[in-house]
Amino acid sequence: MQPLDTVVTAETPEGILLELRPAGLSARFYAFLLDWLLRLMILYLLSTFLVFLRGLGAGLLLIVFFALEWFYPVAFELRRAGATPGKQVFGLKVVMDNGLPITPAASFTRNLLRTADFLPFGYGFAILCLLLRRDCKRLGDLAAATVVVHESRVSRRIALSEIAPVIPARPLAPVDQAAVIALAARAPTLTAERLDELAALAASVSGDHGRAGTDVTRRVLGVAQWLLGRRT
Amino acid sequence: MTTPLQFEQQYEREWAELEHALEQIRRHRISKGAEAEVHGERVAALYRRACEHLAIARARAYPAFLLDRLEQLTATAHQAIYHRPEFGVAALSRLALVEFPHRVRENAAYVWTAAAVFLLPAVVVGCLVYSRPELILSVVSAETAVSFDEMYARGAESIGRRRTADTDWMMFGFYIRNNVGIAFQCFAAGLFAGVGSLFFLAANGAFGGAVAGYLTARGLSSTFYSFVVTHSAFELTAIILAGAAGLRIGHALLAPGRRRRLQSLVDAAREMSVIVYGVTAMLFIAAAVEAFWSSAGWLPAAVKYSVAAVCWASVLGYFTFQGRRAS
């Protein structure tokens with residue numbers, strides 16, 4: 001079964017698969033927009049001061065403009081966060097596609113190739129390439145072997161400890177166990193009605209097949225508690 | 001089967017120890033002063049254990065909070081263990097003294113091709129415009145042509161500028177932005193099977209040739225050539241090298257050999273990054289020379305030509321001989 005997700009995996013020498021979650025067009029667009037505004041602001045602030053220096057000021061301003069244009073992303077990507085401020089705000093990060101931190105050569109390459117991504121206009125090739133690929137890479141990412149990923153976040157632990165564990169009514173395969181436990185994990189974020197609906201779909205695990213309601217929900221969540229390892 | 005909670009309880013101490021060690025390593029890397037009290041062997045062992053635990057947890061479809069924690073733990077450890085420092089004075093000097101000229105020699109075929117694609121249109125268009133100066137109007141507007149006349153007029157205090165009010169510093173900024181932009185364009189456009197690099201090389205060559213031909217025909221050759229001859233040693237070479245790097249990645253895409261096409265591109269781009277570093281440095285030198293030396297109108301032409309000869313000889317010598325023994 002092909003999972004309905006955009007996760008790409010990178011295998012480590014230890015034989016485990018690291019999961020990378022590539023960032024799509026919208027997240028990267030917002031990050032880009034924010035970076036663009038930030039650069040504009042820096043230039044604006046600097047220009048108000050550098051005007052007083054006449055020719056030297058104009059020269060410095062052009063150099064700063066140049067540096068911001070080409071090296072703003074490189075400077076930030078090589079720092080610990082591995083992302084420009086815009087990307088950091090949206091929880092994005094640039095890594096090598098084997099899961100390691102980005103190398104200077106790769107950062108340099110992916111940001112210089114922006115010139116190619118920008119063609120024919122308005123980042124046309126970048127957008128096309130990003131939309132066509134599962135791992136959401138633009139041309140620069142392809143050549144540099146990098147990928148822009150969402151920073152991983154830790155899922156919540158399962159609360160609901162006031163619910164007593166219930167022994168499952170039938171043996172459950174590992175995937176089924178995972179589904180029941182995932183439902184329990186999501187329970188606090190769902191409305192009571194929706195939780196009842198979903199629990200009704202899984203009601204066979206607690207022997208309540210075909211029934212629905214708050215009691216059934218409690219029993220299904222109880223099965224989740226039992227599967228987690230609670231016995232009392 | 002071990003339940004998730006039992007599993008967590010069983011290995012909690014090991015994971016916590018690894019987490020603590022990784023935190024120490026992170027702090028150590030941020031502030032070099034703080035001595036990390038971490039034993040590499042122990043961390044590696046703990047990391048391998050955590051990898052095993054993650055594999056088991058995945059096979060048993062343990063809940064997300066356990067998997068996520070293990071995934072994050074192993075990913076962080078992976079980054080810490082395989083982290084490769086690439087900075088440092090030693091790496092930088094090796095780059096300048098050995099790797100850059102060596103890489104250029106390795107890719108001599110591309111460099112010669114790029115040079116031909118740049119220089120041929122320059123010579124052809126230059127001769128054409130020299131014989132019929134009005135042809136300059138098909139390259140630039142009449143207004144720009146007039147400004148060329150002004151910039152290289154005899155007796156100007158500073159050459160290559162429209163107004164004497166433009167200071168050296170202002171032009172330095174302008175040259176950096178403009179020239180580095182052109183070179184990066186020549187490189188990046190190589191991603192389109194090399195065609196883009198060919199185009200930008202030929203276009204820039206033709207433009208330069210046209211300007212040279214026009215000014216020579218106007219009888220301004222003495223100021224013009226004494227202006228360009230010094231910094232062109234760095235600038236033209238750098239643009240040709242950037243174009244050569246672009247051709248290399250374009251060729252890697254077209255003819256990947258026994259590698260997969262994408263892998264071939266990645267390898268070529270990584271190799272060429274050395275040349276792009278070098279090109280950037282050369283363009284900074286070129287911009288400084290152009291702004292502060294070439295433009296000085298009071299320097300006698302003989303001095304400028306001798307300095308230019310030294311510059312050209314050292315650039316060509318650098319790429320021919322530098323780092324041959326070490327590589």
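# Worked exercises on a two-chain model

Of the 232 residues in chain A, buried ones account for 36%. Keep in mind that this is a predicted model. Grab the structure and work through these.

**Exercise 1. Work out whether chain A is spread out or a compact globule, and describe its make-up.**

Start with the elements: chain A has ten helices and four strands. Along the sequence they run β-β-α-α-α-β-α-α-α-α-β-α-α-α. Next comes the size check. The globule rule gives 17 Å for 232 residues, but the radius of gyration of chain A is 25 Å, well over that, so chain A is more spread out than a compact globule. Then look at the principal axes, along which the C-alpha trace of chain A spans about 80 × 40 × 30 Å. Last, take the contacts in chain A between residues at least 6 apart in sequence: 58% of them join residues at least 24 apart.

**Exercise 2. Describe how α8(A) packs on α10(A).**

Two numbers set the scene: packed helices are described by the angle between their axes and the distance between those axes. For α8 (residues 174–186) and α10 (residues 214–228) of chain A, the angle is about 115° and the axes are 9 Å apart. As for the hand, α8(A) and α10(A) cross in a left-handed way. Now pick out who meets whom: α8(A) brings Q177(A), V180(A), I181(A), L183(A) and A184(A), while α10(A) answers with V220(A), L221(A), V223(A), A224(A), L227(A) and L228(A). Sorting that contact by class gives ten nonpolar residues, one polar and no charged.

**Exercise 3. Classify the two pairings that α9(B) makes, one with α10(B) and one with α7(B), as parallel or antiparallel.**

Take α10(B) as partner to begin with. The axes of α9(B), residues 221–254, and α10(B) come within 8 Å and cross at roughly 170°. Angles over 145 degrees count as roughly antiparallel, so that is the label for α9(B) and α10(B). This contact holds 22 nonpolar, five polar and four charged residues.

Now switch to α7(B). Here the angle with α9(B) is about 25° and the axes are 6 Å apart. With the cut-off for roughly parallel at under 35 degrees, α7(B) is roughly parallel to α9(B). On the α7(B) side, the residues include N179(B), F184(B) and F187(B); on the α9(B) side, E235(B), I239(B) and G243(B) are among them. By class, the contact of α7(B) with α9(B) has ten nonpolar, three polar and one charged.

**Exercise 4. Find out what the chain B side of the contact with chain A is built from.**

Count the residues: 51 come from chain B and 50 from chain A. Then assign the chain B ones to helices. At least two residues each come from α1, α2, α3, α7 and α10 of chain B. The largest share, twelve residues, belongs to α7(B). Finally, by class, the chain B side has 30 nonpolar, eleven polar and ten charged residues.

**Exercise 5. Place C136(A) and A193(B), both non-glycine residues with positive phi, and decide how buried each one is.**

Why pick on phi? Most residues other than glycine have a negative one. C136(A) has phi near 50° and sits in the loop between α6 and α7 of chain A. It has 22 C-beta neighbours inside 10 Å, so C136(A) counts as buried. For A193(B), phi is near 55°, and the residue is in the loop between α7 and α8 of chain B. Its 16 C-beta neighbours inside 10 Å make A193(B) partly exposed.

Note on methods:
Residues are numbered from 1 along each chain as its sequence is written. Chains are lettered from A and ligands numbered from 1 in the order in which they are written. This is a predicted model: local features need pLDDT of at least 70, side-chain atom pairs count only at pLDDT 80 or more; totals for chains, interfaces and linings use all residues. Two residues are in contact if their C-beta atoms, placed from the backbone, lie within 7 Å. Ala, Val, Leu, Ile, Met, Phe, Trp, Tyr, Cys and Pro count as nonpolar, Asp, Glu, Lys and Arg as charged, and the others, Gly among them, as polar. Axes are lines fitted to C-alpha atoms, for helices over the stretch in contact, and angles run from 0 to 180 degrees between N-to-C directions. Angles under 35 degrees count as roughly parallel, over 145 as roughly antiparallel, 65 to 115 as roughly perpendicular and the rest as oblique. A crossing is left-handed if the near helix is turned anticlockwise from the far one by less than a right angle, and right-handed if clockwise. A residue is buried if 20 or more other C-beta atoms lie within 10 Å of its own, exposed if 12 or fewer, and partly exposed in between; C-beta atoms are placed from the backbone. The radius of gyration is taken over C-alpha atoms; the globule rule is 2.2 Å times the number of residues to the power 0.38.
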